[in-house]
Amino acid sequence: MTGSWPASPAQQGMWLTERAGVAGRAFHMPLAVWLDGPLDVVALGKACEEVARRHPVLGGVLAEDGGELRLVPHAVPPMREGGDLQEELARPVDPVDPVVGPTARFTLIREDAKRHVLLFQAHHAVFDGESKDILLRDLAAWYGGAAPPPLGPTYPEVSVQQQVRLANALPYARQYWAGRWEGQRELRLPGLTGVSVAAAPGSALDFVVEDLGGIAGRLEVTRFEAVLAAFVALLHAYGNARPAVGVDLSTRTEWSRDHVGAFVNELPVIGAPEGGTFGEFARSLRGDLRRLYRHREVPLARAVDGIGPRAALTPVSLSYRQRPETSPLFAGLGASVEWMMFNGWVRNTLHLQIVDDEAGTAARLQYNPALLGRTGAERIREDLAALLTAVAADPEAPLDRLPLPGPVPAASVTAVTAATAASVAVKDGPVDAELVREIQAIFAKELELDDVEPDEDLFDLGGHSLTITQIMARTQERFGVELSFELFIDDATAMGIAAEVARLREQAC
């Protein structure tokens, strides 16, 4: 496709999850800025258009092209005027969509003559946490009549660089994860009735973390490492022997630091305290993270086999972001931003979100209320707050003297992948053996394997979204039939694909 760019590993994973039907609205990222004063609506609208031109990824949609997933330029709609903020957030129509577009939109809401809300919504495939600061910085510059400095490398150049970095890092990531990853099949949390890594309507509890900087300074770790250590210690106390916590790691480089986009990769931190002091555990965890950082470029689904479509990597996750000290300055206006705006959906069972800035450390527990009731979530919040308070008083306290809770019963995984979320009808009856062998050969070629058995699952063999698009392209080229992506979610085996090819060929006769 002329003018398109290779999709990044993060975009490929989100595209796969969207096509599998397990993403819901979990990847929709809202950002709201309140503007107080005499707003120039025309100037703001033009500023939004300039930002969309500067960051073409905001208008990109994901499309297959010859076995490759690419980001194709598309339009960002002009800023429109909307009604109530909550109604705009909950609009069932006009969702941001990475396949049909648009992937981003601006909406201006008038609260009174001198108070407006600019609501920006984007799909996570084209936007991440650090993109919020970049977007508002550039928007404020153009509103004030001063264009931001030109970008160095273009987004397409950055996209190509990502592919090169991934290819170089992949062999080392596979070595690192060999024997380390085991899909979590149960979880222990207070009041938990089930476990999920599929998106669902969610609830949230907000609180404030006190003196996180003091804890980190005294332990000689980062703030992120300090709060992660406390979270892992709490999960271990609930009875999780080696809890796996999915964490969002930035993949930005000097090339991409000023670009809006999805420069993030979720990877699991796996470990548990084994006696000693909290400080010893935090520093040990710091060492584990330093080793993990070397492989931050590679999605786990590329490094290990058996990870199918899912909205989150693990049932429990944590995201941390330390914002710059300066806030956006819109000429002649007062501005305040809701950096942790909740879209009403969760990607898994429990997620801890932390945002650090000059105003303090804001925290939010997002949870799936169908699996974890509010009482259980409140207990987790209280237990974590109590632990952090005790650690702030004595960061080197022995773990057995901290206010850690006792174990709770386990809940089994109830919704891990998209396999139960999609259903594709495949023709019953025997399939020609030669056709099956040909599909096996296509599988083996695209998976770079010597051979593939008829009933081996594509995802168990290390397949991912790019593999699927390549198999679809090769099958169409060889047999003249167009497979649906959803087929691979229901039955990603050579036998299943061969049965569908046979059905489509018979239908065409």
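**Exercise 1.** Work out which residue Arg 70 pairs with in a salt bridge, and how buried or exposed the two partners are.

*Solution.* Start with the contact: Arg 70 bridges to Glu 68, with the closest N and O atoms 3.1 Å apart. That fits the cut-off, a side-chain nitrogen of Lys or Arg within 4 Å of a carboxyl oxygen of Asp or Glu. Next, check accessibility (buried is under 20% relative accessible area, exposed over 50%, partly exposed in between; 1.4 Å probe, protein chains only). Arg 70 comes out buried at 14%, while Glu 68 is partly exposed at 31%.

Before going on, remember that this is a predicted model, where local features need pLDDT of at least 70, side-chain atom pairs count only at pLDDT 80 or more, and totals for chains, interfaces and linings use all residues. Residues are numbered from 1 along each chain as its sequence is written, and side-chain values use heavy atoms, leaving out hydrogens and water.

**Exercise 2.** Place the salt bridge between Asp 138 and Arg 54 in the fold.

*Solution.* First, the distance is 2.9 Å, N to O. Asp 138 sits in helix H4 (residues 129-143) and Arg 54 in helix H2 (residues 41-54), so the pair ties together parts 84 residues apart in sequence. Helices here are DSSP runs of H or I, at least four residues, and strands are runs of E, at least two, numbered from the N terminus. Both Asp 138 and Arg 54 are buried.

**Exercise 3.** Do likewise for Arg 115 and Asp 36.

*Solution.* Their side chains meet at 2.6 Å, N to O. Arg 115 belongs to strand S7 (residues 115-123) and Asp 36 to strand S2 (residues 28-36), 79 residues apart. Arg 115 is partly exposed at 27%, and Asp 36 is partly exposed at 30%.
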